[in-house]
Amino acid sequence: MPQRIVRTFVMALGLIGLPAAALAGGHAIALHGEPKYGPDFEHFDYVNPDAPKGGAVRLSALGTFDSLHPYILRGVPAQGLSQVFDSLTENSADEPFTEYGLIAETIEVDPEGYWVRFDLRPEARFHDGEPITVDDVIWTFETLREHGHPSLRSYYRDVERVERTGERQVTFHFAGNENAELPLIVGQMPVLPEHWWADREFDRTALDKPLGSGPYRVAEVRQGRHIVYERVEDYWAADLPVNRGRHNFDRIRYDYYRDADVALEAFRAGEYDFRPENIARNWANAYDFAAVREGRVQREEIAHEIPTGMQGFFINTRRDRFSDPRVREALSLAFDFEWTNRNLFHDGYTRTRSYFSNSELASDGPPSAEELEILEPYRDQLPEALFESAFEPPSTEGDRGLRRNLRQAAALLREAGWVVEDGRLVHGETGERMRFEVLLDNASFERVALPWRRNLERLGMEVSVRTVDTSQYQSRMDEFDFDITVQLIGQSLSPGNEQRNYWSCAAAETPGSRNYAGICDEVVDALIERIIHAPDRDTLVAATRALDRVLLHGHYVVPHWHLPAFRLAYWDKFDRPETSPKYALGFDTWWYDEERAAEL
């Protein structure tokens, strides 16, 4: 499930001993303590409430798209569709765990945690002028759960029923009271227009311009080439505190490019305006051109406090040859991060050592007493090394580093039953050749994968590296039809239900889930439930660190790298607030500067 569709920010325990706090008529719900912004707040601190509206921005996207329907498994949806649809609540980007009312004017949570109730704003409207009603909320929930993306069914599985409890009031009832995330999971649900969908099939891809209620509508579409959004002049929620100072561009255009190199050249030529740079080589070498030297293109690094998650080579354990963790560890030993960082990235990155890096949720050092209490019941099912120290990815620093690692990898493969015959690695019993494909959708990763392939070939493996187009790649990901691929699993500061979609046995069998590695482990499942049902922040942190250790020692991923900052290049026609949000880039708070644009 794309992360832009559902963001999981969890709610607070406000009463000792109870799983959720009642906020009768409340404007917000927060995970810990009080919301930063009170009921009379005027705007978020990281916006300029007087930012001018106007102008246009051109952005880039890679690959292609064939759908304007982002809530089903089929198709590849276009970039930017989330800004067409409003949800019941809106998160702030300078608090990790707080949601404020958007379509919902007030939010009430059962003191015992069995329901959440939303009162809808009477002024809430779809773009065609029709009011957003309780019926739309109920229809949306039931339709997404029945026909929506499989991940949504996982998100909503603990919601027992939804009912109208007033003219503008809707109540969601939960199957239990242990899952403190559910009020905000429900609050982040987009509300779709039942009347628009009445004569349409929800589970079919479509290029019809969707009807929404958000700050933008689709203005122009050319399938696979570009999509243009226009700001809704009479947007019903423009003056709400959660929106003031945001959504400032009149038009937002996404142009699609076949690969990252073509997109970079298009930026240098002025074909689009704003570019996050994710390739360290480019950041070091590709921006020495006239427009940069003359100040017409600006470069910035903006630090953030977002957990950087886990990027790496994800190993599909559904394949028999990868079912043994010793084989997976051998694959990791053959990856030379130090060489890669030095020769390809100008030493621009830090090695990732956690699924929750750049946050307090990352495991570090030996397990704490709280972590040990959680892990001890599963000691017989876990490697002893997990209980002794933090996981460290293989390093090639020091004397004969790579050769040392490859010897260790060969020993692990022999233990797992794989032997070298005539220079080829085969299984000692079946005679099966160790061969597999590294599947990519971005050609820039070939320069990372190919040196890794050379090291793997030294172990006798037969490895191919293949880059495919976006549609084929997405289809193969949805069906788990790959051996190894590059993926990124991002994380929030408050992990919860989404962990089921990433690592659970149920997700391993669900097409379209993000459990790319096919992890199915009863210990992992149990730890996920500990996280979801954590009664307080300390327990949540300890359970998350415990899960982190188990995942790392399972060797499901060959970890890559991370950078705790946004690298940005943009043509000098924009301005932004003095304060940046801690947990987002906040590009929706930038605005078009007519004077600067005129100078260009």
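Helices α16 (residues 522–532) and α17 (residues 537–553) come within 9 Å of each other, axis to axis. Their axes cross at roughly 160°. Angles over 145 degrees count as roughly antiparallel, so α16 is roughly antiparallel to α17. This is a predicted model. Below, the helix pair comes before a sheet of four strands.

**The helix pair**
- The crossing of α16 and α17 is left-handed.
- On the α16 side, the contact is made by Val523, Val524, Leu527, Ile528, Arg530 and Ile531.
- On the α17 side, the contact residues are Leu540, Ala543, Thr544, Ala546, Leu547, Val550 and Leu551.
- By class, 11 residues in this contact are nonpolar, one is polar and one is charged.

**The sheet**
- Four strands make up an open sheet, in the order β5-β6-β8-β7.
- The pairing in this sheet is antiparallel.
- β5 (104–109) and β7 (159–166) are at the edges.
- Each edge strand has a single partner, so one side of each has no neighbour in the sheet.
- On average, neighbouring strands are turned by 20° against each other, direction ignored.

**Strands β7 and β8**
- β7 pairs with β8 (residues 169–174) in the antiparallel sense.
- Six bridges link β7 and β8.
- One of the bridge partners is Gln169 in β8, which pairs with Gly166.

**A helix across the strands**
- Helix α1 (residues 134–147) lies across β6 (115–120), β7 and β8.
- α1 runs at about 170° to β7.

Terms used:
Residues are numbered from 1 along each chain as its sequence is written. This is a predicted model: local features need pLDDT of at least 70, side-chain atom pairs count only at pLDDT 80 or more; totals for chains, interfaces and linings use all residues. Side-chain values use heavy atoms; hydrogens and water are left out. Axes are lines fitted to C-alpha atoms, for helices over the stretch in contact, and angles run from 0 to 180 degrees between N-to-C directions. Helices (H or I, at least four residues) and strands (E, at least two) are DSSP runs, numbered from the N terminus. Angles under 35 degrees count as roughly parallel, over 145 as roughly antiparallel, 65 to 115 as roughly perpendicular and the rest as oblique. A crossing is left-handed if the near helix is turned anticlockwise from the far one by less than a right angle, and right-handed if clockwise. Contact means heavy atoms within 4.5 Å. Ala, Val, Leu, Ile, Met, Phe, Trp, Tyr, Cys and Pro count as nonpolar, Asp, Glu, Lys and Arg as charged, and the others, Gly among them, as polar. Two strands pair if DSSP finds at least two bridges between them.
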